[in-house]
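Work through the exercises below with the sequence and the model side by side. Try each task before reading its solution.

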Amino acid sequence: MTQTVPPAAAGPGHIREIVERILSAGTLPPIVQAGHPALRQRAADVDGQLSADQLDRLIGVMRQVMHEAPGVGLAAPQLGIPLRLAVLEDQFDIDPAAAALRSRSPLDFMAILNPRYTPVGSGRASFYEGCLSLNGLQAVVARPDAVLLEYLTPDGAAERREFSGWQARIVQHETDHLDGILYIDRAQAPVLEQQRGIRCALGGGRHREGAGGAGVRRRARRHIDRLRLAGPGLAQAGREGAGNPAA
Ligand code: ZN
């Protein structure tokens with residue numbers, strides 16, 4: 001299921017104003033959460049709204065926010081900026097078995113402008129996915145396991161690059177953000193509250209054990225039981241996927 005999203009409404013002045021406010025704040029901006037309008041609109045193409053220096057500094061801020069979260073991707077709308085720009089990076093030191101299960105290999109930092117992706121082949125993979133704009137939630141999302149990404153670099157060069165495995169998932173998740181699509185729109189199973197008190201797969205960000213933690217764990221177990229009933233592929237995603245990095 002995908003959302004019907006309105007066309008971009010943000011003019012160049014509006015975008016420049018938001019970016020200038022963020023760049024002059026002196027602190028890292030917060031990641032906006034579901035409910036913010038920037039997350040539900042088609043973002044505007046990067047098209048000269050920002051100077052090269054502003055774009056460069058904004059990419060630097062986005063990278064810092066992504067590291068701080070921590071996450072493996074961040075799209076400009078997640079900072080309230082309706083602009084087709086995202087940063088990606090996956091350099092976390094993770095368990096080799098977990099990495100193999102997800103076909104997850106390190107991804108060097110990259111900033112992508114005006115990206116669009118198309119599936120390569122017909123393979124699909126189902127895993128739990130999280131989003132920095134939907135704190136504490138995860139859901140199983142089936143996605144093409146390989147995509148071709150067409151995008152511009154910050155210098156304006158047109159690139160085409162294929163991604164597979166976990167990298168392909170990050171690319172799709174971030175590009176979807178620029179179309180006003182959240183992963184829950186593509187989820188094939190009920191949304192699961194992330195278990196509290198476990199260290200997430202990123203190796204950072206210990207979650208606080210809040211009131212109702214036991215209830216969350218009970219619901220999580222019931223949810224994974226349902227996934228087992230749904231088939232071996234989803235059951236595997238349920239057992240192994242919770243705690244995946246958000247983006
Ligand atoms: Zn996200």
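The exercises go from the whole chain to a helix, a sheet, a core and the confidence scores.

**Exercise 1. The whole chain**

Task: State how many helices and strands the chain has, and in which pattern they follow one another.

Solution:
- The model is predicted.
- Its secondary structure amounts to six helices and eight strands.
- Along the sequence, these elements follow the pattern α-α-β-β-α-β-β-β-β-β-α-β-α-α.
- The chain has 247 residues, and 37% of them are buried.
- Among contacts with a separation of 6 or more, 73% are between residues 24 or more positions apart.

**Exercise 2. Helix α1**

Task: Check the span of helix α1 (residues 12–24) against what is expected, then find which of its residues are buried.

Solution:
- Start with the span: helix α1 has 13 residues, and at 1.5 Å a residue it should span 18 Å. The expected span multiplies 1.5 Å by one less than the number of residues.
- The end C-alpha atoms of α1 are 18 Å apart, which agrees with the expected span.
- Next, list the buried residues of α1: I15, I18, V19 and I22.
- They cover an arc of only 95 degrees around the axis, so they lie on the same side of α1.
- Now turn to the face of α1 that points away from the buried side: this face carries the exposed residues G13, E17, R21 and S24.
- Helix α2 (52–68) is included in what covers the buried residues of α1.
- Finally, look just after α1, where G26 has a positive phi of about 85 degrees.

**Exercise 3. Strand β2 and its neighbours**

Task: Which strands pair with β2, and in which sense? Is β2 largely enclosed or open?

Solution:
- Take strand β1 (residues 73–75): three bridges join β1 to β2, in the antiparallel sense. In this pair, L74 has V87 of β2 as its bridge partner.
- Take strand β3 (residues 107–119): β2 and β3 run antiparallel and are joined by five bridges. Here D90 has L107 of β3 as its bridge partner, and V87 stands opposite A111 in β3.
- Continue outward from β3: strand β6 (residues 146–152) pairs with β3 over five bridges, again in the antiparallel sense. In this pair T118 stands opposite L148 of β6.
- For the last part, count buried residues in β2 (residues 85–90): five of the six are buried, so the strand is largely enclosed by the rest of the structure.

**Exercise 4. The nonpolar core**

Task: Find which residues have the most contacts inside the largest nonpolar core, and which residues V171 touches.

Solution:
- The largest nonpolar core has 53 residues.
- Those with the most contacts inside this core are M62, L74, A76, I81, A86 and V171.
- Leaving out residues up to four places away in sequence, V171 touches L88, Y117, V147, L149 and F163.

**Exercise 5. Confidence**

Task: Find where pLDDT is below 50.

Solution:
- The average pLDDT of the chain is 82, and 75% of the residues score at least 70.
- Over residues 195–217 the pLDDT is below 50; this stretch has 33 contacts in the model beyond near neighbours in sequence.
- Over residues 223–242 pLDDT also stays under 50, and the model has 28 contacts for them beyond four places in sequence.
- Where pLDDT is low, the predicted coordinates should not be read in detail.

Key: Residues numbered from 1 in each chain as written. Predicted model: local features only at pLDDT ≥ 70, side-chain atom pairs only at ≥ 80, totals over all residues. Buried ≥ 20, exposed ≤ 12 C-beta atoms within 10 Å, placed from the backbone. Helix = DSSP H or I, 4+ residues; strand = E, 2+ residues; numbered from the N terminus. Pairing = 2+ DSSP bridges. pLDDT = per-residue confidence, 0-100. Contact = placed C-beta atoms within 7 Å. Core = buried A, V, L, I, M, F, W, Y, C linked by C-beta atoms within 7 Å. Arc of directions from axis to C-beta.
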